Amino acid sequence: MEQNQCCHHQHGHAECIRIVPIFNHLEDSQMDLIAESAKTLHLQKGEMLFRADEEDDTLYIINSGKARIYRLSDSGKEQLVRILNPGDFTGEVAIFQPGSIHENYAEALQNTSICLIKREDLQKYLVEYPQISLKILSEVTMRLKDSEKQTTQVAIENVETRIISFLAENVEKGSGNSPTIILPMSKKDLASYLGTTPETISRKFTTLDELGLIKQLPKKKIKIMDLDQLLLHTE
């Protein structure tokens, strides 16, 4: 694995533990204890965190930066699974299934700092603080629901409807009827995530722009001119 391992002082790890929902409900002293067994890893943009078929024995928490999880089909085509932002984690399967291997790939989308906790360390904490297991279960259940929704959308909705649903889901609460959002991924990854091609994504964005429903801005920003009108446009 192309990794630059760097063991930070404990504060760096504690910060990492505090931003992730599966730990931040614990008392400070408990989080500090977990932080003692964490390691910090720094990846440059484009470096791999792990690859398919490698041993899966670690919980990875994104501290800063961004990574993408993807899988390769039998034909070698990439399928985006999800984007990891600060506070997100992956590798939870390893906690409950000793001897498991990675089925996906994880790549840093920018310079990224990641906290690592080995399975044997984490299992000790699960015994001591059972509520962590419940938090992990809750998070995994949410992911399953998202995955099922995504599969259903790809199966029955047209691409334009999928794009509009995706834009609406990324609108922050309380940002009004004419919000500006930042796409959390590239159009190439968005195409993979929505089950279409980058060319189709670009074409649909242009159509929505020409209809006056959105305005494409630099740096992956999208201005939604009228959210209600945009949602009414879904067929």
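1. Principal nonpolar core. In this predicted model, the largest nonpolar core comprises 24 residues. The members with the most contacts inside it are I163, L167, F205 and L230. Two or more residues each are contributed by β6 (78–84), α6 (159–169), α7 (187–194), α8 (198–210), β12 (221–224) and α9 (227–232). Helix α6 supplies the largest share, namely 5 residues. As a general point, nonpolar side chains in soluble globular proteins tend to be buried together.

2. Surroundings of I163. Leaving aside residues up to four places away in sequence, I163 is in contact with L194, I201, K204, F205 and L208. Of these partners, F205 is, like I163, listed among the core residues with the most contacts.

3. Second core. Separate from the core described above is another, of 22 residues. Its members include F89, I117, Y125 and L126.

4. Helix α4. This helix spans residues 119–128, and its buried residues are R119, D121, L122, Y125 and L126. They lie on the same side of α4, because the arc they cover around the axis is only 155°. Exposed residues K124 and V127 are carried on the face turned away from that buried side. Both Y125 and L126 also belong to the second core.

5. Three-stranded sheet. An open sheet is built from 3 strands in the order β10-β12-β11, with antiparallel pairing. Strands β10 (180–182) and β11 (214–217) are the edge strands; each has a single partner, so one side of each lacks a neighbour in the sheet. From one strand to the next, the twist averages 25°.

6. Pairing of β11 with β12 and packing of α8. The antiparallel strands β11 and β12 are joined by 4 bridges. Within this part of the sheet, Q216 is placed opposite I222 of β12. Helix α8 packs on the sheet and touches both β11 and β12. The direction of α8 makes about 125° with that of β11. Both α8 and β12 are also among the elements that give two or more residues to the principal core.

7. Annotated domain. According to an unreviewed UniProt entry, residues 22–143 are covered by the annotation "domain: Cyclic nucleotide-binding". In the model, the end C-alpha atoms of this span are 14 Å apart. Its secondary-structure content is 30% helix and 34% strand.

How values were computed:
Residues are numbered from 1 along each chain as its sequence is written. This is a predicted model: local features need pLDDT of at least 70, side-chain atom pairs count only at pLDDT 80 or more; totals for chains, interfaces and linings use all residues. Side-chain values use heavy atoms; hydrogens and water are left out. A nonpolar core is a set of buried Ala, Val, Leu, Ile, Met, Phe, Trp, Tyr and Cys residues joined through side-chain atoms within 4.5 Å. Buried means under 20% relative accessible area, exposed over 50%, partly exposed in between (1.4 Å probe, protein chains only). Contact means heavy atoms within 4.5 Å. Two strands pair if DSSP finds at least two bridges between them. Axes are lines fitted to C-alpha atoms, for helices over the stretch in contact, and angles run from 0 to 180 degrees between N-to-C directions. The arc is that of the directions from the helix axis to the C-beta atoms. UniProt positions are given in the numbering used here, feature names are shortened, and annotations may be inferred rather than shown by experiment.
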